[in-house]
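Q: Please give me a close look at one part of this model. I would like to follow how it packs against what lies around it, with the terms explained as we go.

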Amino acid sequence: LISVIIFICIKKLYIKPSYFILFLIGLINDVILGGDLGITSIFLLLIKFFTELLLSKNILKNNQQDWISFTGIFLLSFSIIFFINILINLSISDLSPIFYYVGTSLIIFPIINLSFDFIVFITKLLKS
């Protein structure tokens, strides 16, 4: 869910969260959930880095490509984190929770994105 929020904040709200804040959020998440310390921080930083990289290259200008862009950024970041996790633990973890996490994130994105677009539409309608 946080990856969807980061993408929408950077893409649509033009709010760029600082790397330090994302690092702290990831560390707090790792401590609370008991995961490998720093893995979530790296994931959040990768999401921000790849989103800003695509925005700077003017690839993310079309709103029709939001889901495809998010999917590519999410899967690339997740793959990097997955391989780092394999190197740290020297084993492949159970894939069922991983597929569940990826699937729910990719399903939740269009719902949140459409909800955000609907709220923006309603506020513009009320202002005019």
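**A close look at H3**

A: H3 passes H4 in a right-handed crossing; that is, the near helix is turned clockwise from the far one by less than a right angle, whereas anticlockwise would be left-handed. Helices here are DSSP runs of H or I with at least four residues, strands are runs of E with at least two, and both are numbered from the N terminus.

This is a predicted model, in which local features need pLDDT of at least 70 and side-chain atom pairs count only at pLDDT 80 or more, while totals for chains, interfaces and linings use all residues. Residues are numbered from 1 along each chain as its sequence is written, and side-chain values use heavy atoms, with hydrogens and water left out.

Back to our pair. H3 covers residues 39–56 and H4 covers residues 66–89; their axes come within 9 Å and cross at roughly 150 degrees. (Axes are lines fitted to C-alpha atoms, for helices over the stretch in contact, with angles from 0 to 180 degrees between N-to-C directions.) The two helices are therefore roughly antiparallel, a label for angles over 145 degrees; under 35 is roughly parallel, 65 to 115 roughly perpendicular and the rest oblique.

On the H3 side, Ile39, Ile42, Phe43, Leu46, Ile47, Phe50, Thr51 and Leu54 meet Ile73, Phe74, Leu76, Ser77, Phe78, Ile80, Ile81, Ile84 and Ile88 of H4. The classes in this contact are 15 nonpolar, two polar and no charged residues. Contact means heavy atoms within 4.5 Å; Ala, Val, Leu, Ile, Met, Phe, Trp, Tyr, Cys and Pro count as nonpolar, Asp, Glu, Lys and Arg as charged, and the others, Gly among them, as polar.

H3 also packs against H2 (19–33). The axes of H2 and H3 come within 7 Å and cross at roughly 145 degrees, and this crossing too is right-handed. From H2, the contact takes Tyr19, Leu22, Phe23, Ile25, Gly26, Leu27, Asn29 and Asp30, and from H3 it takes Ile39, Thr40, Ser41, Leu44, Leu45, Lys48, Phe49 and Glu52. Here the classes are nine nonpolar, four polar and three charged residues.

Now for the core. In the largest nonpolar core, which has 23 residues, Ile6, Phe43, Ile47, Phe70, Phe74, Phe78 and Phe109 touch the most other members. H1 (2–11), H3, H4 and H5 (95–127) each supply at least two residues of this core, and H3 gives the most, with seven. Such a core is a set of buried Ala, Val, Leu, Ile, Met, Phe, Trp, Tyr and Cys residues joined through side-chain atoms within 4.5 Å. Buried means under 20% relative accessible area, exposed over 50%, and partly exposed in between, using a 1.4 Å probe and protein chains only. In soluble globular proteins, nonpolar side chains tend to be buried together.

Phe78 of H4 shows the link to H3: leaving aside neighbours within four places in sequence, Phe78 is in contact with Phe43, Ile98, Tyr101 and Val102. H3 is also among the elements that cover the buried residues of H1, along with H2, H4 and H5. H1 is mostly covered, with eight of its ten residues buried, Ile6 and Phe7 among them.

To step back, the protein has five helices and zero strands. Buried residues make up 34% of its 128 residues.
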